[in-house]
Amino acid sequence: MFCAARTAMRAAMKQLGFVDTYHMMNCSIENPPDALLWMDALRAKYDGVGEFTRKDWDKLLGGSQAVCDWPACAFAKELIEAYPEAKVVMTTRDVDSWHASTMKTVYWRATDPELRMLSKFSWAAKMYYPMLKKFFDTFFEGDFPNRGKDVFTKHFEEVRKMVPPERLLEYRVQDGWEPLCKFLDCPVPKDVPFPNVNDNSDFVSRSKRRNRNQMYNVVAQWLEVLGLALLVLYLVFYVQNTLFS
């Protein structure tokens, strides 16, 4: 199943039994090497460099029951064609509020100077940041502040044309469990409210904290290497002094 959605939808999917729902956190936090595959997909689509086939999608997403959020949204056409049997949940939202929210969260992250600097030293950021920047430079035509709303609107129109009505659900998270469960043929969770996950309120502070943690890791690795180098030098001098004293 493919759903263009945010964190609340990932939580909802897990509640409904789609435990492995792929989300941007998979490639940004949980498994950064995935960003390399997403970069390959972006280059294949927008630069014409290589191919990204069903076999590649299976390698990246084959263990998942559903996929949502970015960077998957840039590949709606490719994923729909690669998995024609999949159902598609398209979460709808006011374009102005979406744009304002994204400007303060994911777009801010893509232009974060700390993350850009960190990508020169941290193995995780080195994989994640270039893919994040590539995503905005391509899917949003290199100008999210001015082009984002138009791309958003066009994207929804294209998905409507690509997916047969019986496989497409246009959905708002405010609609709750009923329409989603009916579409997915899942029982409605009893006495379980629909997830109200707002991960935007502290997005910047969490991102900055992650930057600090990654920088601490980089410094710790450098100190470890420096310590080993000093130990080797000490042993070399010790052996020399012992043999020739």
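Here are a few questions and answers about this predicted model.

Biologist: Let's start simple: how many helices and strands are there in the protein?
Modeller: The protein has 245 residues, and 44% of them count as buried. As for its elements, the count is 12 helices and five strands.

Biologist: Which element has the highest mean pLDDT?
Modeller: For the protein overall, the mean pLDDT is 84, with 82% of residues at 70 or more. Strand E1 (residues 2-4) sits at the bottom among the elements, with a mean of 41. At the top, with 95, is helix H3 (residues 34-47).

Biologist: And over residues 1-5, how many contacts are there beyond near neighbours in sequence?
Modeller: Go carefully here, as the pLDDT over residues 1-5 is below 50. In the model, though, that stretch still has contacts beyond its near neighbours, and they number 27.

Biologist: Which helix gives the most to the largest nonpolar core?
Modeller: That core has 50 residues, and Trp38, Trp57, Trp70, Met131 and Phe135 are the ones with the most contacts inside it. One helix puts in eight residues, the top contribution, and that's H9 (residues 123-138).

Biologist: How many residues are in the second, separate core?
Modeller: Among its members are Ala12, Met13, Trp177 and Leu180. The full count for this second core is 16 residues.

Biologist: What is Phe135 in contact with, leaving aside neighbours within four places in sequence?
Modeller: Phe135 is one of the residues with the most contacts inside the largest core. With those sequence neighbours set aside, its partners are Leu42, Trp70, Pro71, Cys73, Ala74 and Phe140.

Terms used: Residues numbered from 1 in each chain as written. Predicted model: local features only at pLDDT ≥ 70, side-chain atom pairs only at ≥ 80, totals over all residues. Heavy atoms only, no water. Core = buried A, V, L, I, M, F, W, Y, C linked by side-chain atoms within 4.5 Å. Buried < 20%, exposed > 50% of the residue type's maximum accessible area, 1.4 Å probe, protein only. Helix = DSSP H or I, 4+ residues; strand = E, 2+ residues; numbered from the N terminus. Contact = heavy atoms within 4.5 Å. pLDDT = per-residue confidence, 0-100.
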